[in-house]
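Please look through the sequence and the structure shown below before reading on. The report that follows takes up the overall layout and then some local details.

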Amino acid sequence: MMARWRVAGLVVGLVAVGVLLFAWVLHASIVNHWLAVHTGTVNEAGPYYGFWSGFGSDLAEFGLIGVVSTGVYHIVKKYNCHEPGCWRVGVHPAAGGQFLLCYRHHPDFQGKRPTHDLIQKLHQDHLANEAAIHSELAKLHGLVASPGPSSGDPIVEQ
Ligand SMILES: [Zn+2]
């Protein structure tokens, strides 16, 4: 729900910027003669020629700025903390990487920056977990690989 409102806000903002630019372009020669001369809107073969070879040729660049800012917005959406309403950079994976969270919202850190002791403790926990998983796997592997009572020599087809 939040994300949808943000996207709507972005679209409204871009449209507003576009309308302002359009109005400014239309009234440039009235509002600011200096600007009109330096953007090539006057003192050319015709107003439209001047417009398209002057300021008008930059309109594509405004489109480019739009594309770039949309890209930046999506990058921010991808890397910011997944806690709703939080704009910190999320670098700590939670739930096996489903979420990227900032230190404040990661459940392991309890709202504080991870201290040296916490890092040590979590690292030891992680190693203990890995060791437990590996010993369980080794047990299972032992059960599967151990020869049963009936399996003797491999069957040789004739
Ligand atoms: Zn956060």
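How many helices and strands are there in the chain? This is a predicted model, and its chain holds five helices and two strands, which follow one another along the sequence in the pattern α-α-α-α-β-β-α.

The predictor's confidence should be kept in mind while reading the picture. The mean pLDDT of the chain is 77, and 72% of its residues reach 70 or more. Among the elements, helix 2 (residues 33-38) has the lowest mean pLDDT, 62, whereas helix 5 (residues 116-145) has the highest, 91. Where pLDDT is low, the predicted coordinates should not be read in detail.

How much of the chain is buried? Of the 158 residues in the chain, 5% are buried. As for contacts between residues at least 6 apart in sequence, 10% of them join residues at least 24 apart.

Two of the helices can be checked against the span that their number of residues would lead one to expect, at 1.5 Å a residue. The table sets out the values for helix 4 and helix 5.

| Helix | Number of residues | Expected span | Distance between end C-alpha atoms |
|---|---|---|---|
| Helix 4 (residues 59-79) | 21 residues | 30 Å | 31 Å |
| Helix 5 (residues 116-145) | 30 residues | 44 Å | 43 Å |

For helix 4, the distance agrees with the expected span, and for helix 5 the two values agree as well. Helix 4 is hardly covered, since the count of buried residues among its 21 residues is zero. In helix 5 the number of buried residues is also zero out of 30, so this helix lies largely in the open.

Which residue in the loop between strand 1 and strand 2 is considered here? It is A95, which is found between strand 1 (92-94) and strand 2 (99-101), and which has a positive phi of about 55° although it is not a glycine. Because A95 has 9 other C-beta atoms within 10 Å, and a residue with 12 or fewer counts as exposed, A95 is exposed.

Q110, found in the loop between strand 2 and helix 5, likewise has a positive phi of about 55° without being a glycine. With 10 other C-beta atoms within 10 Å, Q110 is exposed.

Key
Residues are numbered from 1 along each chain as its sequence is written. This is a predicted model: local features need pLDDT of at least 70, side-chain atom pairs count only at pLDDT 80 or more; totals for chains, interfaces and linings use all residues. Helices (H or I, at least four residues) and strands (E, at least two) are DSSP runs, numbered from the N terminus. A residue is buried if 20 or more other C-beta atoms lie within 10 Å of its own, exposed if 12 or fewer, and partly exposed in between; C-beta atoms are placed from the backbone. Two residues are in contact if their C-beta atoms, placed from the backbone, lie within 7 Å. pLDDT is the predictor's confidence in each residue, from 0 to 100. The expected span of a helix is 1.5 Å times one less than its number of residues.
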